[in-house]
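This report covers the fold, the surface and the aromatic contacts of one protein chain. Please keep the sequence and the model open while reading.

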Amino acid sequence: MLKKLLYIALALGLCLSCKKEGGDTPGPAPDPPTPSEWTIGGRVTGSDGTSLSGVTVSDGFVCTQTDADGNYYLPSALTDVDFVFVSTPAGYSAPVENALPVFYKRIDALTKTDGRYKDVNFTLQKINNPNRFTLFLSGDPQPRSSSAGFDKIGYHSLDCVDDMCKDFKETAESLLKSQPVYGIVLGDICHNDASLFATYKNKMKNNGFPSYHVIGNHDHDLKKIGDKESATSFESVFGPSNYSFDLGNVHFVVIDNMMVTSEQRSSNGGTDLADAIRDDIWQWLSNDLKYVDRNKTLMICTHSPMFMRAGQKMASRGTVTLDGKKFSNHYADVDNLIKDFKKVYAWAGHTHTMYNYVDTSDPRVESHTVSRVTGELWTNEYEASGTPRGYVVLSYDNDRITWKFHPIKYQKGKHCMTKQPDYKYRDWNYVDGVAKMKADGTMDLDDSYQMHIYAPGTYAASDNTVYVNIFMWDELWKLPKFTFNGSTTTMTRYNKNNFCFYDMGCNEIQTWYKTNNSTLKDDSGYSIDKTNCSTMFSAFVQSSGAGKKTGAVSVVDRFGNEYKQTITW
């Protein structure tokens, strides 16, 4: 215990000694450890033998940087250390195995000599076009075994992962001709079944680009005692669950903010874990960020949203209980740590719904939650927020960052029930496993589909209002406009139940399964949610007599792209 306390004091001491007043840039790196201090050492080079200086190396607790010759000397206490890893610098990439970046060495695979791990070297590949890249941000693929009870309700979830991988590969192929492509999967890689990690990895290996992974609550193996130990099954496949890397002028940090506490372990199988950052993870994060220029863009990737969720600020900036003891969850500490960065994007999954928020009075920190890439958890149909199955495609081009929602058009899975939903409100049908838009029957579901329009009479027969769900709308988008009979009206954001409403396409699916599936009918955990969509807009339609009518909704996103869709009723 005394050794561990000394270790924590050393880590915090290094952090405090290197914090520069004002915080605009990181403070000067500490002097290299003396020969009596360092326990892990090596060299970081490019694949051409070039020495890489200023590269951050960590053991998951303390950090150091390479010197002018690419050498590093890490003063690790070697207590509870499982990995040594580099924060891959801009312009370089880690080796890739089975589509997973290998930026780490496992301690148990290294040889200790005279009490030290020596020559722990890293070789990184230089990137040809470091100022452009595309990033696929997805959340909660969460496959279950095909023999699982809930997987026999809608579509087989493993088949939906196949659909995801097929779309990843196809979307990346043209992009890779001109720029690197990466993926970040924001947790819940599998659903309470660590044996599926290898299956998932095998499905991802031919995507053509490397993907980083965040650990989610369903990825913690509750057969292991202790929060740190519950991550070992995930880490045996994907490497450290807390790490960082640079792409362009962006510093990414990946953080495990799902904690197994005594209370969660004893109830409901422990899958709804506490929102918290463990003490040692906080140590690592503060030590990592002390080396990062505050003029860089910071992207925080967690499983659970840390700042905003479904229209409400995350209030849990206090304490959690682990083994009967209360301690800080470090969320307030993170707020303070990142306050000097000029721009912060926080990306998360976990809620299975799409939610994007920008506080226009202080737009420095943005919150973005992506919907479940493989569809609703038990049915693999619509999301709770009404989006199709899909993911976010983020583009970086010389410091300009843009993104859009990308729907997945493939449906390999066979419906597991004999009776089928009517799909009255779904805008497409599947023809030979490919989504074709109902409007013409030939156009594939693609990136032009950024919203879902509902005609007057959809929510109530007497309601002469048109509604639209704009999947990734946030406060930096323009308000949508509705054009009908030559007149254009600015639409109003729906403001019921704390500005939430529900998407009728999602409601149709939930109602159908709740009515027709014997398992879900009696399951209190599966409900028809009518307060699950914060991106609904409406416009009143003046009556214009009998006969078919056509209107159009147009909206301009935060990046200047205009999307337009028509509706006939």
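## Basis and burial

Buried means under 20% relative accessible area, exposed over 50% and partly exposed in between, with a 1.4 Å probe and protein chains only. This is a predicted model: local features need pLDDT of at least 70, side-chain atom pairs count only at pLDDT 80 or more, and totals for chains, interfaces and linings use all residues. Residues are numbered from 1 along each chain as its sequence is written, and side-chain values use heavy atoms, with hydrogens and water left out.

Of the 569 residues in the protein chain, 58% are buried. The exposed area of the chain is about 23,100 Å², and 49% of it comes from carbon and sulfur atoms. Accessible areas follow the Shrake-Rupley method with a 1.4 Å probe; for residues, only the protein chains shown count as cover.

## Fold and cysteines

The protein chain has nine helices and 39 strands. Both are DSSP runs numbered from the N terminus: H or I over at least four residues for helices, E over at least two for strands. Contacts (heavy atoms within 4.5 Å) often span the sequence: among those in the protein chain with a separation of 6 or more, 69% join residues 24 or more positions apart.

How many disulfides does the structure hold? Zero, where a disulfide is a pair of cysteine sulfur atoms within 2.5 Å. C190 is buried, because its relative accessibility is 0%. C301 is also buried, at 0%.

## Aromatic pairs

Rings of Phe, Tyr and Trp (its six-membered ring) pair if their centres lie within 6.5 Å; planes under 30 degrees apart are stacked, over 60 edge-to-face and the rest tilted. The count is 44 aromatic pairs. F103 and Y104 pair edge-to-face, with centres 5.3 Å apart and planes at 85°. F103 is buried at 2% relative accessible area, and Y104 is buried at 12%.

W428 and Y449 are also edge-to-face: 5.7 Å between centres, 85° between planes. W428 lies in strand β30 (residues 428-431) and Y449 in the loop between β31 (434-437) and β32 (451-454), so the pair ties together parts 21 residues apart in sequence. W428 is buried at 4% relative accessibility, and Y449 is buried at 4%.

Ring pairs also build a cluster of F83, F85, F103, Y104, Y212, Y243, F245 and F252.

## Charges over rings

A charge sits over a ring if NZ of Lys or CZ of Arg is within 6 Å of the ring centre and within 35 degrees of the ring normal. The charged end of R116 sits over the ring of W38, 4.4 Å from its centre. For R426 over the ring of Y423, the distance is 3.7 Å.
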